[in-house]
Amino acid sequence: MDGRPGDHGEPSAARGDAGAGQESGTTVAERLRRVQGSLSPAELKIARALMAHYPAAGLESTSGLAGRAGVSPPTVVRFVARLGFEGYRHFQQSLRDEVQARRASPLTLRPVVSESSPTSELIEAAAEVGRGAVSQTFAALPEQEFDRAVELICDPAKRIVCFGGRFSRLLAEYLDLHLRLLRPDTQVHIQASGQDGGFRVDLGRREVCVVFDFRRYQRDTVELARFAQERGARVVLFTDPWLSPVAEFADVVLPVRVEAPSPFDSIVAPVAVVETLVAAVHVRLGAAAEERMRAAEEASGDRTME
């Protein structure tokens with residue numbers, strides 16, 4: 001989504017994705033979120049080790065992953081079974097499929113319709129893909145992570161900074177336009193190589209950085225998010241199911257689907273989650289948000305057409 005053609009793109013089940021594993025469209029990370037509350041202490045160690053270096057840690061041998069997590073190899077085997085895999089080989093194949101899916105681009109993805117397809121077929125395919133992306137996103141949305149994102153964004157002591165990549169910064173701008181009507185101290189940062197030294201210096205414990213990064217992941221976005229985290233800022237990440245490297249150190253991770261009828265990634269599901277976040281922030285801030293919205297409207301004047 002964020003790079004040039006060949007640099008970024010997100011395949012979908014409708015386009016013959018790799019990465020389906022034993023459950024079509026379900027990543028290992030999604031499986032893990034489903035069962036996280038029922039894992040034993042030893043299995044939780046494996047989960048933390050896996051997510052700290054995802055997906056590379058899972059591509060090690062059973063003894064390698066066990067050593068990384070500080071558990072026994074049989075515990076790793078039980079952990080993999082808990083995720084719903086028939087064996088460690090199937091677990092690793094799913095991760096390898098995810099690695100391949102991460103590298104997909106508009107030049108390698110197939111559209112869901114052909115040149116000879118009628119418009120009606122394209123419309124039907126687009127509707128089906130869009131509905132599927134949104135429903136899958138909300139079905140897998142981690143509620144605790146979402147609630148934590150709302151809590152951080154509503155904290156009056158925090159300053160909110162939104163940023164993203166070449167295309168995903170549109171989502172950062174969209175979120176910021178809403179947040180600035182609901183609370184003070186929110187901005188969108190447009191990255192300019194070598195020209196944001198002052199911005200970086202100001203980053204610290206007061207900031208909550210809302211980061212948008214979708215495959216293929218943009219290096220400067222990842223580096224800025226890491227810099228912010230190292231300076232003490234909180235990081236809320238919007239990413240795809242294959243997880244940006246930012247997920248390794250983010251405080252909150254919100255994965256969204258990006259299926260589209262074209263070879264280019266869709267922001268339909270990401271926008272839906274952003275709008276849900278805005279709704280939750282509005283409700284949480286209550287009267288303070290309503291008062292600010294009223295004051296903002298009075299300050300800007302009536303711009304509507306009769």
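## Strand E3 and its two faces

In this predicted model, both faces of strand E3 are covered, since Glu207, Cys209 and Val211 on one side and Val208, Val210 and Phe212 on the other are all buried. Because six of the six residues of E3 are buried, the strand is largely enclosed by the rest of the structure. The division of these residues into two sets can be read against a general rule: in a regular strand the side chains alternate between the two faces of the sheet.

On one side, E3 (residues 207–212) pairs with strand E1 (residues 159–164) in the parallel sense, over six bridges. Within this pairing, Glu207 of E3 is the bridge partner of Arg159. E3 also pairs with strand E4 (residues 234–239), again in the parallel sense, here over five bridges, and in that pairing Phe212 stands opposite Phe238 of E4.

## The sheet as a whole

These strands belong to an open sheet of five strands, whose order is E2-E1-E3-E4-E5 and whose pairing is parallel. The edge positions are taken by strand E2 (186–188) and strand E5 (252–255), each of which pairs on one side only. From one strand to the next, the twist averages 15 degrees.

## Cysteines of the sheet

How many disulfides does a search of the whole structure find? The search returns zero. Cys162 is in no disulfide, and the nearest cysteine sulfur, that of Cys209, is 8.8 Å away. Seen from the other residue, the closest cysteine sulfur to that of Cys209 is in Cys162, and because the separation is 8.8 Å, it is too far for a bond; a disulfide would require the two sulfur atoms to be within 2.5 Å.

Both residues are nevertheless shielded from solvent by the accessibility criterion: Cys162 counts as buried at 0% relative accessibility, and Cys209 is likewise buried, with a relative accessible area of 0%.

## The largest pocket

The largest pocket has a volume of about 620 Å³. Of the 20 residues that line this pocket, Arg33, Gln36, Met51, Glu145 and Val253 are the closest to its centre. Helix H1 (28–35), helix H2 (41–52) and helix H7 (143–154) are the elements that give two or more residues to the lining, and H2 gives the most, with four residues. By class, the lining of the largest pocket is made up of eleven nonpolar, three polar and six charged residues.

## Enclosed cavities

The structure holds two cavities of 30 Å³ or more. The second largest cavity, with a volume of about 30 Å³, is lined by Met51, Tyr54, Arg102, Leu243, Ser244, Pro245, Ala247 and Glu248. Classed by residue type, this lining has five nonpolar, one polar and two charged residues. Met51 thus appears in the lining of this cavity and is also among the residues closest to the centre of the largest pocket.

## Backbone exceptions

As a general background, most residues other than glycine have a negative phi, and most peptide bonds are trans. Where does the backbone depart from this? The peptide bond from Tyr54 to Pro55 is cis, with omega near -5 degrees, and Pro55 is placed in the loop between H2 and helix H3 (62–69). A cis peptide bond also joins Arg215 and Arg216, with omega about -10 degrees; Arg216 is found in the loop between E3 and helix H10 (219–230).

Positive phi values occur at residues other than glycine as well. Asp185 has a phi near 60 degrees and lies in the loop between helix H8 (169–182) and E2, where the residue is partly exposed, with a relative accessible area of 36%. Leu243, which is not a glycine, has a positive phi of about 70 degrees and lies in the loop between E4 and E5. In contrast to Asp185, Leu243 counts as buried, at 2% relative accessibility, and Leu243 is also one of the residues lining the second largest cavity.

## A contact across the chain

Glu275 is found in helix H11 (residues 268–285) and counts as partly exposed, at 39% relative accessibility. The C-alpha atom of Glu275 is separated by 7.8 Å from that of Leu175, although the two residues are 100 residues apart along the chain.

Definitions and conventions
Residues numbered from 1 in each chain as written. Predicted model: local features only at pLDDT ≥ 70, side-chain atom pairs only at ≥ 80, totals over all residues. Heavy atoms only, no water. Pairing = 2+ DSSP bridges. Axes fitted to C-alpha atoms, helices over the stretch in contact; angles between N-to-C directions. Buried < 20%, exposed > 50% of the residue type's maximum accessible area, 1.4 Å probe, protein only. 1 Å grid on protein atoms, 1.4 Å probe; cavity = no way out; pocket = protein on both sides within 12 Å on 5 of 7 lines; lining within 4 Å. Points joined across faces, edges and corners; volume = space filled by probe spheres on them. Nonpolar A, V, L, I, M, F, W, Y, C, P; charged D, E, K, R; others polar.
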